[in-house]
Structure formats: C-alpha cells, structure tokens
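Q: Please take a close look at one side chain in this structure and its polar partner. I would then like to see how other parts, including the ligand site, are laid out.

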Amino acid sequence: MATEQILIIGASSTIAQAIVAETLISKPEADIIVISRNIDIYDNTQSNALIKISIADYQPETIQQTITNLHKTTDLPTTQIYICNGLLHSEIITPEKRIEDFCSEAFLSIIEANTLTPILWLKALIPVLTTKNDCTLVVFSARVGSTEDNRLGGWYSYRASKSALNMMVKNLAVELSRRSKNTKVILFHPGTTDSPLSKPFQKNVPEGKLFKAKYVAQQLGKIIEEQPFDQKASFLDWQGKTIAW
Ligand SMILES: NC(=O)c1ccc[n+]([C@@H]2O[C@H](COP(=O)([O-])OP(=O)(O)OC[C@H]3O[C@@H](n4cnc5c(N)ncnc54)[C@H](OP(=O)(O)O)[C@@H]3O)[C@@H](O)[C@H]2O)c1
C-alpha cells in the first residue's frame with residue numbers, strides 16, 4: 001500500500017523514463033504517476049506502482065482538468081514532482097546560429113513548450129505545492145538559460161525560453177516561501193544527455209560528456225536527497241553545482 005506519490009510530467013522524455021526506472025526501485029513506498037502525450041512508451045513497464053495518465057495536448061484546460069481528475073482519485077501526499085518538458089528542435093525548427101535565423105513562429109513554439117507549459121502545470125499544482133508535507137519540485141531547465149554563463153551566443157529562442165522559465169520558477173519559489181515552507185524548488189540542468197533533444201548536436205560534445213539518462217537520473221536522486229528545504233530556488237547541474245542565474 002503506497003504512502004506517498006511522485007508525479008512525473010512530460011514522462012516520455014528520455015531522462016524522465018530513467019527517473020521512473022530509478023524511482024520504482026528507490027521508492028517502493030511510492031506510487032509513480034506518469035503524465036504524457038506519449039504514454040504508450042510505458043506499455044512494457046510492469047509495475048503496480050506505476051499509474052499512467054495519457055493526455056492529448058498541453059492546452060491550459062487539459063492541464064487543469066488532468067490535475068483536477070487526479071485530486072479526485074488520490075489524496076496521498078505528493079513528495080516529488082518532475083516537470084521534464086523541453087523542445088529544442090523539430091522537423092521545422094532549428095536553433096538559431098545567428099540573429100538572421102530568428103523566426104517568430106519558431107520562437108513562440110519554443111516558448112510555449114519550455115516556459116508556458118511548465119508554468120501552467122505549476123499553476124494547476126498549487127494545491128499540491130501548498131500542503132503541509134515536504135515536496136521537492138524539479139523543473140528541467142538548461143545551463144544555456146543562464147544569462148551570466150552565456151559565452152557562445154546563438155540558440156536565441158531556446159536560451160530565452162529557459163531564462164524565462166528560470167525567472168518564473170524562481171518567482172514561484174519566492175511566493176511559496178510565504179504560502180508554504182516545505183517545498184524545495186530545483187531548476188535542473190542535466191548536462192548533455194543522449195536523447196532525441198540532443199541528438200543533432202552530439203558530435204561536438206567532448207569525450208565523456210555525453211551522459212546516459214540513467215546516470216543523470218541517479219545524480220539527480222542524490223542531489224534531491226542532499227537539498228535542504230530552504231525556501232529558495234536552486235539552479236543546479238548534474239553534479240549538484242550551482243549555476244549562475
Ligand atoms: N538532453 C539534453 O542534453 C538536455 C540538456 C539540457 C537540458 N535538457 C532539458 O531536459 C528536459 C528533458 O530532456 P530530454 O532530453 O529527456 O528530452 P526528450 O527525450 O527529447 O523528451 C522531450 C520532452 O519534451 C516534451 N515535449 C516535446 N515537445 C513538446 C511540446 N511541443 N510542448 C510541450 N512539451 C513537449 C515531451 O513531452 P511528452 O512526454 O508529452 O511527449 C517530453 O517530456 C528538457 O526540459 C530539456 O530541455 C536536456
């Protein structure tokens with residue numbers, strides 16, 4: 001019988017799948033709720049602890065309805081939330097190398113996936129984030145969202161979308177420090193990880209710096225264990241090192 005639940009949103013992500021695999025082992029007391037537009041990816045994962053929620057899209061009504069329905073079916077304390085959504089490229093979107101590549105439509109798609117979608121989930125999840133139990137919230141960001149760390153330029157839309165995400169999630173942490181003292185907020189940079197998102201950009205990655213999702217998930221597990229509930233947002237990489245905002 002589960003005593004807590006863990007929520008993984010954008011669960012078809014390669015890194016999310018590794019988090020699910022690790023968490024099924026490390027948290028036998030937890031139900032793992034996975035939410036994705038591509039939930040079939042879990043068809044071969046056999047576990048009574050895994051609760052699969054398929055969604056059609058990331059429209060605001062869908063997100064709100066998904067969380068409302070969830071509240072009707074379970075009242076276990078939520079101890080961890082992972083928001084894994086991220087878009088860097090698609091069949092029609094290539095990250096900008098120079099300003100002339102900038103395209104309004106591509107920018108809006110990237111902002112929608114990387115900034116708007118996570119924030120809509122967080123808005124819907126406020127009742128969960130303001131309960132009395134401890135909860136660690138991990139939102140997947142990227143080092144390229146750091147304004148201070150930007151030395152290479154390029155990738156205008158992706159960088160901006162993750163910077164905006166960082167600002168909004170940090171803002172939420174400020175609000176949560178007043179509304180609830182027991183949520184730890186982590187903006188997480190996994191490092192370059194072998195997944196569809198990084199696939200087109202892997203050839204320039206130095207030897208030993210292209211991580212397997214399993215390694216990243218294990219690192220993140222350790223980082224979560226070590227983080228104090230300090231009512232602050234932390235922007236951390238896979239080593240647990242702080243990244244400048
Ligand atoms: N891989 C890397 O090298 C790397 C480096 C730095 C940061 N990150 C960040 O880490 C996170 C996970 O990355 P990953 O490599 O595991 O990615 P991935 O395997 O390519 O998975 C893509 C993820 O993004 C979601 N997604 C795709 N298109 C979307 C859209 N239009 N709107 C909303 N959500 C959309 C998917 O949700 P569904 O499950 O619903 O399909 C899935 O959660 C992302 O936030 C990414 O930016 C990754």
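**A side chain and its surroundings**

A: In this predicted model, a polar atom in the side chain of Thr 183 lies 3.0 Å from the backbone oxygen of Leu 129. Thr 183 belongs to strand β6, which covers residues 183-189, and because its relative accessibility is 4%, below the 20% under which a residue is called buried, Thr 183 counts as buried. If neighbours within four places in sequence are left aside, the residues in contact with Thr 183 are Leu 129, Cys 135, Leu 137, Leu 176 and Phe 229. Leu 129 therefore appears twice in this description, as the residue whose backbone oxygen faces the polar side-chain atom and as a member of the contact list.

From Thr 183 one can turn to the ligand, which has 28 residues around it, and of these Gly 10, Ser 36, Tyr 58, Tyr 158 and Ser 195 come nearest. Helices α1 (14-26) and α5 (156-179) each supply at least two residues of the shell around the ligand. Several polar approaches can be listed for the oxygen atoms of the ligand. A polar side-chain atom of Ser 36 lies 2.6 Å from a ligand oxygen, a polar backbone atom of Thr 14 is 2.9 Å from a ligand oxygen, and an N or O atom in the side chain of Lys 162 is 3.0 Å from a ligand oxygen. Taken alone, the ligand would expose 910 Å², and the protein buries 89% of that area.

Helix α2 offers a view of how a helix sits in the fold. Its 14 residues, 60-73, should span 20 Å at 1.5 Å a residue, and the C-alpha atoms at its ends are 21 Å apart, which agrees with that expectation. The buried residues of α2 are Thr 62, Ile 63, Thr 66, Ile 67 and Leu 70. Seen down the helix axis, these buried residues fall within an arc of 125°, so they line one face of α2. Such a pattern can be read from helix geometry, since an α-helix has 3.6 residues a turn, so residues three or four places apart point the same way. The buried residues of α2 pack against strands β1 (4-9), β2 (30-36) and β3 (50-54), and also against helix α3 (104-124). The face of α2 turned away from that buried side carries the exposed residues Glu 61 and Lys 72.

The loop between β5 (135-140) and α5 holds Glu 148, and Trp 155 lies in the loop between these two elements as well. Glu 148 counts as exposed because its relative accessibility is 61%, over the 50% cut-off. Nevertheless, with neighbours within four places in sequence left aside, Glu 148 is in contact with Ala 244 and Trp 245, and the C-alpha atoms of Glu 148 and Ala 244 are separated by 6.2 Å although these residues are 96 residues apart along the chain. Trp 155, with a relative accessible area of 25%, is partly exposed, and its phi is near 50°, a positive value in a residue other than glycine.

A positive phi is also found at Gln 231, where the angle is near 60° in a residue other than glycine. Gln 231 has its place in the loop between α6 (213-226) and β7 (233-237), and with a relative accessible area of 30% it is partly exposed.

Definitions and conventions
Residues are numbered from 1 along each chain as its sequence is written. This is a predicted model: local features need pLDDT of at least 70, side-chain atom pairs count only at pLDDT 80 or more; totals for chains, interfaces and linings use all residues. Side-chain values use heavy atoms; hydrogens and water are left out. Helices (H or I, at least four residues) and strands (E, at least two) are DSSP runs, numbered from the N terminus. The expected span of a helix is 1.5 Å times one less than its number of residues. Buried means under 20% relative accessible area, exposed over 50%, partly exposed in between (1.4 Å probe, protein chains only). The arc is that of the directions from the helix axis to the C-beta atoms. Contact means heavy atoms within 4.5 Å. A polar contact is a pair of N or O atoms within 3.5 Å; within protein, one must be able to donate a hydrogen and the other to accept it, and residues adjacent in sequence count only if both atoms are side-chain atoms. A residue is near a molecule or strand if one of its heavy atoms lies within 4 Å of it. Accessible areas come from the Shrake-Rupley method with a 1.4 Å probe; for residues, only the protein chains shown count as cover.
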